[in-house]
Structure formats: structure tokens, C-alpha cells
Amino acid sequence: MSDIRHSLLRRDALSAAKEVLYHLDIYFSSQLQSAPLPIVDKGPVELLEEFVFQVPKERGAQPKRLNSLQELQLLEIMCNYFQEQTKDSVRQIIFSSLFSPQGNKADDSRMSLLGKLVSMAVAVCRIPVLECAASWLQRTPVVYCVRLARALVDDYCCLVPGSVQTLKQIFSASPRFCCQFITSVTALYDLASDDLIPPLDLLEMIVNWIFEDPRLILITFLNTPIAANLPIGFLELTPLTGLIRWCVKAPLAYKRKKKPSLSNGHVAPKVTKDSGGMDRDSHLLYSKLHLSVLQVLMMLQVHLTEKNLYGRLGLILFDHMVPLVEEINRLADELNPLNASQEIELSLDRLAQALQVAMASGALLCTRDDLRTLCSRLPHNNAKSRGLPRCRMSGELVGTSVS
């Protein structure tokens, strides 16, 4: 690698970046012939940090900075490389070498460039980049995954009105990336504060994706070899837990949501409301999402049985339901139950439906005693004395009258 480095030092930044990709392509192609999963050692990563991310090797040296045009050209070089490399195994290992966090000072540059590369891939529909990003999301700690999700949401749902239409199109181009993106987004937007309520454009896009093809959110689970014990600190195999959190917390979170203010200090005009503080469009979207989640949960028993994981793998962890109940309690206390009785009832109904169907399908593994203990912590409701939340199940599971 030292010989390659010396030759790259004589080049300008863009040609050096292109050349390092060329050399590592040859290096890893050779490695893959002798080992299906070669270990990425320190040498290639250091070359990428120095000549792609512009992090100097010498201590105390000032980092080089590409101007905006050079950065755009670098992104184009990278997009073209992944598009032209026909071997997926080589693409994946190069992508991993580029963007796997190393816990060093290059990580900020690494994550910034990754966000811009994936955003460009969405804009110009570069499927190989999206597929590599889907794999990256699956094997990278969640703290980095939500940073990528945030970058894409900012680019396509916040900065330019109407640009979400471009993001919508990746549904047919890379369903695998869509699945991982939804999982990342539900980890990012947990409705813990007004800032963490998903933007309406994002919510509508995700709901429509899932409603059109409910199996979309099972793609990672269905296509991944799975051990019974999943690693901690990474994205879950499906976004089901996050989507349940959205549906259950939404009525209370939107009721809590402060009215937007204009720059002159006046309150913005009222939007037509349906359920408490939620506008009618959002209320209908969450109801539609709740139905889709129940439909997916009902599919799971067959898939878990096929993978010999029924009764062995809980795709919805009981340990994640405990903080959800605590969050419902906190929101209910904030809102004053006398002023939010309808929203509390709706949240509890959705939670009850999700828990019942998840347990019946084998997606949630817990005993009835565990469930009674959990439900005893819920805000007061008419059926609490029976140890279970109320649940109007008749009709909801076949697509009518879903809360």
C-alpha cells in the first residue's frame, strides 16, 4: 500500500480519489478469489481516509478541503464506480471500506459524504449504491443509521418543497433500501418531542409504500440468515416496533404538539382537526398505517414457522414495549387525562390490538403474566380492572373500523 500512496501523492485530489478506487478494486477482487469474506485491514481504510475524505496522515497537518464543485465531481466519480462495477461482492466491500465508522476523526467526513452520495443515488436512481447503502444500514450501529436517515429526510422532505416525489420513486427501484430506510426513520422519529414527529410528506410516503405492499417491511427479515439472538445497538430486522410506536403515540404526541408560530409572533391559522390536536390528514394516515401493521403481524406466523423461528425469535421485543408504556403514561400525565380522554383511549386501543395480534402470530414472546404486569402500568381505562387494556377487535382485523 505504501507504493500506491506515493504514486497518489503526486496527483490532484480528484484523480487521486479515482485512482485509489481503481487500486482497491483490483486488490479486493484478488482477495475475494481466495476468501469469500476478506478482512478489511488498516491499509486500504487509511488510503481512503487520506485520498477520498481528505484526512491528512501526518499529525498536525491541516486537512484539505474540496470546494463544492470538486465535491460534486467526487460524488459523480463514486456513483459511476459503483454503477460500473458488476460484481456485487466487490461493490459491497469497497462501500464498507469507505463508509464503515472507524471511531476516528474521519467519521464526520465519512458520514457527510455518505449522506450526499446516497442522496445523489436517490436523485439519479443509482440502484447499486442504494443496495450497498441497504447493506450498510443493516450492519452499522443505529446511531450512524439515523444520521443517514436525517440527511435524506432533510434533502427530500424539508429543504425543497415537492422533492419527496423523487424519494417516492425508489420504492420500485430498491425495496430493500426502502425497508432499511423505514427502519432508520422510525428509530430517528420516536415522537418524544415535537421535533421528533415525522414530517407529513415523509409519513404519507411511508404509509403509502406499506399500504401498497405490506411485505415491504419484512424484506430484510425474509432475506437475511438469522440467529435467535440479535446484536444490540443495531437496527431491528423490521421496522414493526417503530411503526407500532408511531401509531400508539401519535394521538397523544400530536395533542401535545405546540401550535406553530409565525415570525411576527402571531399563531399560525388553524388546520382542520379531527382527533384532538391531529389534523385530519395525519389522523387518516396513522389509521391506515395501523391497519397495515396489523396485516403484517398476521402474516408473520407463517414466515417464522418457515424459518424455524416460531417461538424462538421475537421480532417485537417485550423489553421495547415496557418503555412504550412508560412513554404513554408520561404523555397522558402531561396532557391532563380530563382534556385528552379520547386520545388516551385511541392510543390504548391501538396498543392492545398490536399486542394481541403480535402475541397470536408469535412476533411477541411473553407470558400472560408479563402482559398483565405491563398493562397494569397503563393510564386508567375502563378495562384496567381486568388486567388488560380494552380492545375492540371485532372488524378491525379484516380492514373495517380500525382505530
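**A helical chain, from loops to helix pairs**

Glutamine 85 sits in the loop that links helix H4 (68–84) to helix H5 (88–99). In this predicted model, the residue has a relative accessibility of 12%, under the 20% cut-off, and so counts as buried. Setting aside residues up to four places away in sequence, glutamine 85 touches Asp25, Val90 and Arg91.

Stepping back to the overall picture, the protein chain is built with 18 helices and two strands. Of its 403 residues, 50% are buried. Contacts in the protein chain between residues at least 6 apart in sequence were also sorted by separation, and 76% of them turn out to join residues at least 24 apart.

Two other loop residues catch the eye for their backbone angles. Cysteine 125 is placed in the loop between helix H6 (107–124) and helix H7 (127–139), and its phi is near 55°, a positive value in a residue other than glycine. Leucine 191, in the loop between H11 and helix H12 (200–212), likewise is not a glycine but has a positive phi, of about 60°. As for accessibility, cysteine 125 comes out at 39% and therefore counts as partly exposed, whereas leucine 191, at 0%, counts as buried.

Cysteines deserve a word of their own. A disulfide is a covalent bond between the sulfur atoms of two cysteines. Searching the whole structure for such pairs gives zero disulfides. Cysteine 132 has a relative accessibility of 0%, so it counts as buried, while cysteine 125 is partly exposed at 39%.

Turning to how helices pack, helix H14 (residues 240–256) and helix H17 (residues 341–361) have axes that come within 9 Å and cross at roughly 175°. Angles over 145 degrees count as roughly antiparallel, so that is how H14 and H17 run relative to each other. On the H14 side, the meeting residues are Ile244, Cys247, Val248, Pro251, Leu252 and Lys255; on the H17 side, they are Glu343, Ile344, Leu346, Ser347, Arg350, Leu351 and Ala354. By residue class, the contact of H14 with H17 holds nine nonpolar, one polar and three charged residues.

A second pair has another geometry. Helix H8 (residues 142–159) and helix H11 (residues 175–188) cross at roughly 100°, and their axes come within 8 Å. With an angle in the 65 to 115 range, H8 and H11 are therefore roughly perpendicular to each other. H8 brings Val142, Cys145, Val146, Ala149, Arg150, Leu152 and Val153 to the contact, and H11 brings Phe177, Phe181, Ser184, Val185, Ala187 and Leu188. The residues of this contact of H8 with H11 split into eleven nonpolar, one polar and one charged.

The third pair is helix H16 (residues 318–335) with helix H18 (residues 368–375), packed at an angle of about 15° with their axes 10 Å apart. An angle under 35 degrees is the criterion here, so H16 and H18 are roughly parallel to each other. Their crossing is right-handed. Phe318, Met321, Val322 and Val325 of H16 make this contact with Asp370, Leu371 and Leu374 of H18. The contact of H16 with H18 comprises six nonpolar residues, no polar ones and one charged residue.

Finally, lysine 288 lies in helix H15 (residues 280–306). A relative accessibility of 27% falls between the buried and exposed limits, so lysine 288 counts as partly exposed. Apart from neighbours within four places in sequence, lysine 288 is in contact with Val207, Asn208 and Phe211. The C-alpha atom of lysine 288 is separated by 10.0 Å from that of glutamate 204, and the two residues are 84 residues apart along the chain.

Note on methods. Residues are numbered from 1 along each chain as its sequence is written. This is a predicted model: local features need pLDDT of at least 70, side-chain atom pairs count only at pLDDT 80 or more; totals for chains, interfaces and linings use all residues. Side-chain values use heavy atoms; hydrogens and water are left out. Axes are lines fitted to C-alpha atoms, for helices over the stretch in contact, and angles run from 0 to 180 degrees between N-to-C directions. Helices (H or I, at least four residues) and strands (E, at least two) are DSSP runs, numbered from the N terminus. Contact means heavy atoms within 4.5 Å. Ala, Val, Leu, Ile, Met, Phe, Trp, Tyr, Cys and Pro count as nonpolar, Asp, Glu, Lys and Arg as charged, and the others, Gly among them, as polar. A disulfide is a pair of cysteine sulfur atoms within 2.5 Å. Buried means under 20% relative accessible area, exposed over 50%, partly exposed in between (1.4 Å probe, protein chains only). A crossing is left-handed if the near helix is turned anticlockwise from the far one by less than a right angle, and right-handed if clockwise.
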